[in-house]
Amino acid sequence: MTDYPVNMGVKPEVKAFFDEATNTISYVVKDPESRACAVIDSVMDIDMAAGRITYAHADAMIAHVMDHGLTLEWIIETHVHADHLSAAPYIQQKLGGKIGIGEKILVVQDTFGKIFNEGTEFQRDGSQFDALFKDGDTYKVGQMNCLAIHTPGHTPACMVHVMGDAAFVGDTLFMPDGGSARADFPGGDAGELYDSIQRVLRLPDDMRLFMCHDYGPNGRDIQWETTVGAERAHNIHVGGGKTREDFVKFRTERDAQLAMPRLILPSLQVNMRAGELPRDSAGNPMLKLPVNRL
Ligand SMILES: [Fe+2]
């Protein structure tokens, strides 16, 4: 039984774009009944040593949309990513579409607004985005009904987006042999993550699940697609009926040993602004490096 109305009869075409630099998978999702599409979790390239921003990954997605004559309606962020920078504004400038994220972005903006000592010009009201989704909100990509499910735990603003028989899980889950994402960032909570994962696992067994990340555990090739049934049966952190108590203990101990993601500092500053680079008083793009704050 699911908490939400879903239509497994609608089967969107899903094109994946894997980013080797950050192990992120971005998607173009096409409505089967029209030319409409959505982009999920795009990536902007950064060379940290040089402070250089480029767009090879985003350009490949843009070329796909244009080559297939698609109309981009939505640019979805499943959450404020800490390991890669979003290319949402760059893609929007080229193709249009609305940028959407979970309404709890306000919590994330408040938390990291303090850590990065942002001034009053940084609005903490989510106004950098075109749409803020609440749990259970629906929207359309062409004729296809889409649904946003609030799945906090990894971060407060995480959402899973269901489009027909496909769900884009962000960092709520990894592939069954990858388990789950960390829950120790500011605002994260392992117990909440367990509860959120249970909501995803109540979706129909044969719903397709698309990951935001894969690291090829134990040397296997990179993969990004599985099903609810496979996760429920085999996920190494939550599958096979593992309890909330077991998960919280395991996740908390594991997280205490993890280093910060390589790109967390630039990622948060950009992604909490919907993918826009912060600017200095002269209007030039400029990133900060807060010392001993994370
Ligand atoms: Fe993440």
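In which strand does Leu 132 lie? In this predicted model, Leu 132 belongs to strand S8, which covers residues 131-133. The surroundings of this residue offer a convenient point of entry. Leu 132 has 18 other C-beta atoms within 10 Å and is therefore partly exposed, since a buried residue would need 20 or more and an exposed one would have 12 or fewer. Setting aside residues up to four places away in sequence, Leu 132 touches Ile 101, Gly 102, Glu 103, Ile 105 and Gly 126. A further reference point is Ala 157, which stands 25 residues from Leu 132 along the chain; the C-alpha atoms of these two residues are separated by 9.9 Å.

From this strand the reader may turn to the nonpolar interior. In soluble globular proteins, nonpolar side chains tend to be buried together. The largest nonpolar core of this model comprises 76 residues. Those with the most contacts inside the core are Val 29, Cys 37, Val 39, Val 141, Ala 167 and Val 169. Val 39 may serve as an example: apart from its neighbours within four places in sequence, Val 39 is in contact with Ser 26, Val 28, Met 61, Leu 72, Ile 75, Ile 76 and Ile 91.

Two of these partners, Met 61 and Ile 91, lead to a pair of helices, for Met 61 is in H1 and Ile 91 is in H2. Helix H1 spans residues 56-67 and helix H2 spans residues 88-95. Their axes come within 10 Å and cross at roughly 30°. Because angles under 35 degrees count as roughly parallel, H1 is described as roughly parallel to H2. The crossing of the two helices is right-handed. On the H1 side the meeting residues are Ala 58, Met 61, Ile 62 and Val 65, and on the H2 side they are Tyr 90, Ile 91, Lys 94 and Leu 95. By class, this contact contains seven nonpolar residues, one charged residue and no polar residues.

Another pair of helices is found further along the chain. Helix H4, residues 190-201, packs against helix H6, residues 244-255, at an angle of about 130°, and their axes are 9 Å apart. H4 and H6 are therefore oblique to each other. H4 passes H6 in a right-handed crossing. H4 contributes Ala 190, Gly 191, Leu 193 and Tyr 194 to the contact, while H6 contributes Arg 244, Phe 247, Val 248, Arg 251 and Thr 252. These residues divide into five nonpolar, two polar and two charged.

Key: Residues are numbered from 1 along each chain as its sequence is written. This is a predicted model: local features need pLDDT of at least 70, side-chain atom pairs count only at pLDDT 80 or more; totals for chains, interfaces and linings use all residues. Axes are lines fitted to C-alpha atoms, for helices over the stretch in contact, and angles run from 0 to 180 degrees between N-to-C directions. Helices (H or I, at least four residues) and strands (E, at least two) are DSSP runs, numbered from the N terminus. Angles under 35 degrees count as roughly parallel, over 145 as roughly antiparallel, 65 to 115 as roughly perpendicular and the rest as oblique. A crossing is left-handed if the near helix is turned anticlockwise from the far one by less than a right angle, and right-handed if clockwise. Two residues are in contact if their C-beta atoms, placed from the backbone, lie within 7 Å. Ala, Val, Leu, Ile, Met, Phe, Trp, Tyr, Cys and Pro count as nonpolar, Asp, Glu, Lys and Arg as charged, and the others, Gly among them, as polar. A nonpolar core is a set of buried Ala, Val, Leu, Ile, Met, Phe, Trp, Tyr and Cys residues joined through C-beta atoms within 7 Å.
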